[in-house]
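Q: I would like a careful look at one part of this model, with enough of its surroundings to place it.
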Amino acid sequence: MGGLFLGIDVGTGGVRACAIDAQAGIRGFASAALPAPRVDGNAIDQTPQLWWQATVTAIIKLGEAVDLGGVTRAVVDGTSGTLLLVDAAGRPCSPGLMYNDARASHEATRVAAVAPLESGAHGASSALAKLLYLQTHGYIGDARHAMHQADWIAGRLTGHYGVSDENNALKLGYDPVARQWPRWLDRLGVRTDLLPKVLVPGTPFAEIDPAIARALGLPPAVQVAAGTTDGVAAFIATRANQPGDAVTSLGTTLVVKQLATQPIFAADQGVYSHRLGERWLAGGASNSGGAALLMHFSADDMARLTPQVKPEEPTGLDYYPLPKPGERFPIADPGLTARITPRPAEDHRFFQGLLEGIAAVEALAYRQLARLGAPRLRRVIGIGGGAKNDAWTRIRHRILGVPVSVAEQTEASYGAALLALNGGPP
Ligand SMILES: Nc1ncnc2c1ncn2[C@@H]1O[C@H](COP(=O)(O)OP(=O)(O)O)[C@@H](O)[C@H]1O
Ligand SMILES: O=C(CO)[C@@H](O)[C@H](O)COP(=O)(O)O
């Protein structure tokens with residue numbers, strides 16, 4: 001098959017667009033920054049129009065570098081749990097409540113009383129808690145659809161609103177095992193008429209709007225397919241594809257995701273599974289990770305100290321680094337405090353102890369996923385700022401006991417483009 005495939009990632013800091021060919025070869029990337037969302041206590045929101053403007057800018061920039069005349073299919077991914085209400089014409093009736101907006105704590109308590117533990121809709125920042133909040137705080141007006149960030153951008157491209165995918169819909173309460181909206185949503189008073197139709201990620205659902213295609217320099221017959229979340233798109237970008245393959249994100253926090261043949265849910269530990277065709281992406285997030293390192297060393301300090309780290313000579317310090325009290329996974333304990341003593345006199349030994357401690361948390365996370373039913377760990381691919389530290393990769397290999405590599409490609413927009421190419425999950 002010829003042609004080009006377009007992936008659009010609406011991420012935390014900006015929108016990135018990626019064009020690939022039929023052999024999954026990258027033709028180009030382009031991006032446009034997004035301003036920081038408005039923050040007011042637990043409320044974190046953004047004007048959805050900004051997402052669209054950044055999308056337009058990124059695609060036009062991409063078109064300056066790559067001939068987009070051959071694009072046949074496009075997929076959009078977005079931040080997971082970001083939700084807005086729109087009217088029948090797709091006009092926003094609410095701000096976009098961002099993925100980390102936690103104002104809906106009262107609604108989360110209501111969800112917890114009704115939703116089964118295996119639902120992905122638990123927590124104050126779940127899309128379901130946000131929908132209940134919007135329903136009861138004056139935003140319902142002309143609203144016809146509850147839409148995630150990626151759904152709405154795909155809607156702007158096509159003029160078709162009210163379509164989502166199995167990954168974005170997870171945190172809105174969708175049951176990916178039964179492949180339907182569960183009956184318990186009625187008991188919560190959810191306006192189920194607002195819920196989107198849910199498709200398998202990568203399933204084409206509409207052609208691009210001709211006027212939008214002209215404005216973006218895209219051909220008129222581009223098919224837009226159901227998207228996914230930014231986390232799943234980044235996993236797909238790594239090309240991990242065998243049960244037991246795992247991806248660890250060493251960013252601000254430590255997030256693990258592992259390909260599994262069965263779903264795993266443990267809401268009390270933040271463990272949930274995204275459906276990828278007939279396979280599952282089981283994962284959880286620890287508060288340990290890069291933020292815990294930044295409590296003690298700047299990124300420049302880390303670069304300076306890394307050459308003195310001796311991965312093959314363990315310090316034996318047995319730390320559990322955390323940026324502040326509280327852990328979600330692999331230990332669920334809101335009061336857990338960091339274990340980072342004794343502190344050796346030499347900074348590089350302390351730094352090595354922290355790297356070893358976080359690697360031990362990572363290993364415990366995979367053991368915990370295995371206890372919950374995940375397949376035996378086969379290999380770990382690293383993404384995020386910390387994955388580039390080669391000494392740390394060697395420490396992680398020693399502690400995890402499986403091959404550890406750094407992903408060649410971690411751009412979520414590339415993962416979205418792969419979904420477009422496959423016309424479904426890889
Ligand atoms: N040389 C280094 N070794 C280990 N970790 C590093 C190094 N440099 C930066 N980091 C970590 O990388 C993290 C940032 O990674 P990034 O993927 O950009 O995070 P996020 O996207 O979650 O904000 C920081 O929290 C920092 O602690
Ligand atoms: O923090 C963000 C911003 O979307 C994400 O990285 C999510 O936390 C990942 O969620 P899933 O993709 O696993 O639903």
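Which residues are around ligand 2?

A: This is a predicted model, in which local features need pLDDT of at least 70 and side-chain atom pairs count only at pLDDT 80 or more, while totals for chains, interfaces and linings use all residues. Residues are numbered from 1 along each chain as its sequence is written, chains are lettered from A and ligands numbered from 1 in the order in which they are written, and side-chain values use heavy atoms, with hydrogens and water left out.

The shell around ligand 2 is made up of T79, S80, Y99, K171, T229, D230, G231, V232, K257, Y272 and H274, a residue being included if one of its heavy atoms lies within 4 Å. Sorted by type, these residues come to three nonpolar, five polar and three charged, with Tyr counted as nonpolar and Gly as polar. Helix α7 (230-237) and strand β16 (272-276) each contribute at least two residues to this shell, and α7 gives the most, with three; helices (H or I, at least four residues) and strands (E, at least two) are DSSP runs numbered from the N terminus.

Polar contacts (pairs of N or O atoms within 3.5 Å) add detail to this picture. A polar side-chain atom of T229 lies 2.6 Å from an oxygen atom of ligand 2, and Y272 likewise places a polar side-chain atom 2.7 Å from an oxygen atom of the ligand. From G231 it is a polar backbone atom that is 3.2 Å from an oxygen atom of ligand 2. On its own ligand 2 has 370 Å² of accessible area, and the protein covers 75% of that (Shrake-Rupley method, 1.4 Å probe).

Ligand 1 offers a useful reference. Its surrounding residues are G251, T252, G290, A291, L293, L294, M302, G384, G385, G386, N389 and W392, and they divide into five nonpolar, seven polar and no charged, whereas the shell of ligand 2 includes three charged residues. Helix α8 (residues 290-294) supplies four residues to the shell around ligand 1 and gives the most to it. Backbone N or O atoms lie 2.9 Å from an oxygen atom of ligand 1 at T252 and 2.9 Å from one at G290, while at G385 a backbone N or O atom is 2.8 Å from an oxygen atom of that ligand. Taken alone, ligand 1 exposes 580 Å², of which the protein buries 65%.

The record helps to place these parts along the chain. An unreviewed UniProt entry annotates residues 5-236 as "domain: Carbohydrate kinase FGGY N-terminal" and residues 247-421 as "domain: Carbohydrate kinase FGGY C-terminal", though such annotations may be inferred rather than shown by experiment. In the model, residues 5-236 are 28% helix and 28% strand, with their end C-alpha atoms 15 Å apart; residues 247-421 are 33% helix and 18% strand, with end C-alpha atoms 22 Å apart.

Some backbone details are also worth checking in the structure. In the loop between α7 and β14 (245-250) sits R239, which has a positive phi of about 70 degrees although it is not a glycine. Further along, cis peptide bonds join F329 to P330, with omega about 10 degrees, and T341 to P342, with omega about -5 degrees. P330 lies in the loop between α9 (299-305) and α10 (347-371), and P342 is likewise placed in the loop between α9 and α10.

Notes. A polar contact is a pair of N or O atoms within 3.5 Å; within protein, one must be able to donate a hydrogen and the other to accept it, and residues adjacent in sequence count only if both atoms are side-chain atoms.
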